[in-house]
Structures are given as C-alpha cells and as structure tokens.
Amino acid sequence: MTCTDVEQLLGAFVDTELPPPQLLDVARHAATCMACDGAIRELTELRGAVAALLEREVRQLDLSRIWPAVDAAIDQAPPLTGAVHSSAPAATRMWAALLAVAATALLWFQGPTTHHQPGKTPMTIASARPTRTSNQSAIDRIAGRGITMRREPKSGTMIIWVSSNGGEGAR
Amino acid sequence: MKHATGPTLVVVSALLLIAAGAGAQTLDIHVTTVRAADTGPCDPQLEAMRPRLRKLAGYRAYQLLAEQQRRVPWRNTEAFDLGDGRSLVLLPKGMVDERVMMQVRLLEGRRRLVDTNVRLVNGGTMVFGLGRDARAADGALLILLRAEDNR
C-alpha cells in the first residue's frame, strides 16, 4: 500500500467503512509513515471539531420562537380546500429547515448511541427483531436422487426426504 | 514519544475493530438427529415436537440420538458427523431479508444424498429425512437443522 492509496481511502478509513483487510493495510502503512499517520489524525480531529461545532450551534438555537410563529401562521392560514400548500412564513420555514438539517447532521456525526436510564433494562438488538411467526424456508437449488419435499402447512417447516437407496456418487 | 505511540494506537484500534467484526459475524447452528419409528416410546425431550414431527414425517415415536451446537463463521464450511458414516456439510453464505442463505450437503460416506442451497428463516428449522419412505415401517433418521445469525 502506498501513500496515494491511503490518501484515496482516508475518509473511509476514518469512518471505519473499509473491509477489515483494507483497514488493516491502511493501519499498517500509517504505522510506518508519519505523513499518512498525520493525515489520519488531522481528518479525525477535523471531523470531531465539526461535530462539536454543530452540537454547540444546535444547543444555542432558541426554539422558543418557533412554536409561537407556527401557531400564528396556522391562525392566519386560510382553510385548505384543495391541494395542500405551504402557508407558513418564509422565516418559519427557514428555521424549521435549518433545525432539521442541524439535527440530522448532529445525529450523523455522533453515530449510534445508547442511553441507559437507571432502573430500566436496555433493549437489545435481539428483542428488537420482528417476531417470527413462520418457519417458511425456500430452496434455491437441489440435487440428489429419490428426493421428495413436503411442508407442514401450519408452521411452513420444510422436510427434504431422501429415500435410503437414493443419492449420487461424489464427483 | 508522541509520534511513536500514535501509529501503534491506530494499529491497535484497527485490530480491535477487526476482532469485534469477526466475533460478530458468526452463525449459531444446531443439528439434532432423531430416530423415527412407528412403534415404541417417544423421547420426553421431543414430546412437545411430536405433533409437528408426526405431520412432517408421518411416524409416531421419536428418539433423540444426538444434539450438536456450533458457532460457525460465515463463508466457512462446517461438517457435522451424524454417525453411521453420514455427515451434514454446511456452508453459510450470507443473510438476505432475515433469511440465512446456506449450502447444505448430506453425505453418506462419499455419496452425496442431497446437495441444496436453502434460504432458512433466521432462527428457523428445516428437516432432512432419511429412510425408505415417510411412512415405511422400518423407521427413519431425521436431521433437524436450525440456524440463527447472532449479529
């Protein structure tokens, strides 16, 4: 791996989006190359600084002016009879759009986080999975001799039945 | 000193990330072998499954022969010895729409009895039956295969 390769993979490396072997290659190169190591550090620091800046700016937003403006806009708006159209003042719409962009950026830069409240059991990935009600499996390809397939109607469980004198020789 | 520890930290972080990724990318495979017969006692452990097995295989009595559970890395071939020279060879390929895509080969010695590519519901079970016929009097061997992604 050369410095040019690392330069191209820098962003993906910092975001840990590279496949493990490539991640390791970049890390190995950076371990022996001060320039690339410096570049990785700079980019990491830059992203951290942008995230911190966005977080600060979002926290400084005065949200108290938003809802009165929205209420006022709703009061002034004529009743909708046909197609839906925007009647909020441009300033309100701009604030709402800015807030949405800032919140999205903040979430994006912070990445996935979990906040545990004392006394509450944190939800695990396993419990968030949809409940399985069916055991329906599918066959994409099957080879062999004397094979029959059947499925239990209620659960969808499949059985592949091989008659004892079936089978084919190994190739 | 500052520069000497920096690259080391990067390498260690990368290795930790790789190790975490590799640890998460496995599949729990359960292979249960059951002897099915028309007469005889039913194993208490299989009593709850008996109605379903009966609908699937057509036999009345079921005896648990062996249970094997392994954590198998994706895209790695894993062979389960079923006894009597038979084996179940699995190659988990990946997850698509909460289904485990897997190549399954049932071998008797070197003979391939079944060679199939299946899409098994994550955490679901499928069954292989080995005998003369589902309702033959001389019994059969059932192989229950369950796969669950533990990412």
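Accessible areas here come from the Shrake-Rupley method with a 1.4 Å probe. The exercises below concern a predicted model.

**Exercise 1. Describe chain B as a whole: what is its accessible surface, and what share of its residues is buried?**

Solution. The accessible surface of chain B comes to about 7400 Å², and carbon and sulfur atoms hold 52% of that area. Turning from surface to interior, 48% of the 151 residues in chain B are buried, where a residue counts as buried if its relative accessible area is under 20%. The secondary structure of chain B consists of two helices and eight strands, and read from the N terminus these elements follow the order α-β-α-β-β-β-β-β-β-β.

**Exercise 2. Work out how the buried residues of helix α2 of chain B are arranged, and find what they pack against.**

Solution. The first step is to list the buried residues of this helix, which covers residues 50–57 of chain B: they are B:Leu53, B:Leu56 and B:Ala57. The second step is to look down the axis of α2(B), where these buried residues fall within an arc of 75°, so they line one face of the helix. This fits a general rule: an α-helix has 3.6 residues a turn, so residues three or four places apart point the same way. The third step is to turn to the face directed away from the buried side of α2(B), which carries the exposed residues B:Pro51 and B:Lys55. The last step is to name the partners: the buried residues of α2(B) pack against β2 (147–151) and β3 (158–163) of chain A, and also against β2 (61–73), β7 (125–131) and β8 (140–149) of chain B. Just after the helix, B:Gly58 adopts a positive phi of about 85°.

**Exercise 3. Find how many aromatic pairs the structure holds, and say which residues form a stacked pair.**

Solution. Over all chains, the structure holds one aromatic pair. A:Trp161 and B:Tyr59 form this pair, with 6.5 Å from centre to centre and 20° between the planes, and it is stacked, since planes under 30 degrees apart count as stacked. A:Trp161 belongs to strand β3 of chain A, while B:Tyr59 sits in the loop between α2 and β2 of chain B, so the pair joins two chains. Both A:Trp161 and B:Tyr59 are buried.

**Exercise 4. Compare the expected span of helix α2 of chain A with the distance between its end C-alpha atoms.**

Solution. This helix has 13 residues (residues 20–32), which at 1.5 Å a residue should span 18 Å, and its end C-alpha atoms are 19 Å apart, which agrees. Among the buried residues of α2(A) are A:Leu23, A:Val26 and A:Ala30.

Methods
Residues are numbered from 1 along each chain as its sequence is written. Chains are lettered from A and ligands numbered from 1 in the order in which they are written. This is a predicted model: local features need pLDDT of at least 70, side-chain atom pairs count only at pLDDT 80 or more; totals for chains, interfaces and linings use all residues. Side-chain values use heavy atoms; hydrogens and water are left out. Buried means under 20% relative accessible area, exposed over 50%, partly exposed in between (1.4 Å probe, protein chains only). Helices (H or I, at least four residues) and strands (E, at least two) are DSSP runs, numbered from the N terminus. The arc is that of the directions from the helix axis to the C-beta atoms. Contact means heavy atoms within 4.5 Å. The expected span of a helix is 1.5 Å times one less than its number of residues. Rings of Phe, Tyr and Trp (its six-membered ring) pair if their centres lie within 6.5 Å; planes under 30 degrees apart count as stacked, over 60 as edge-to-face and the rest as tilted.
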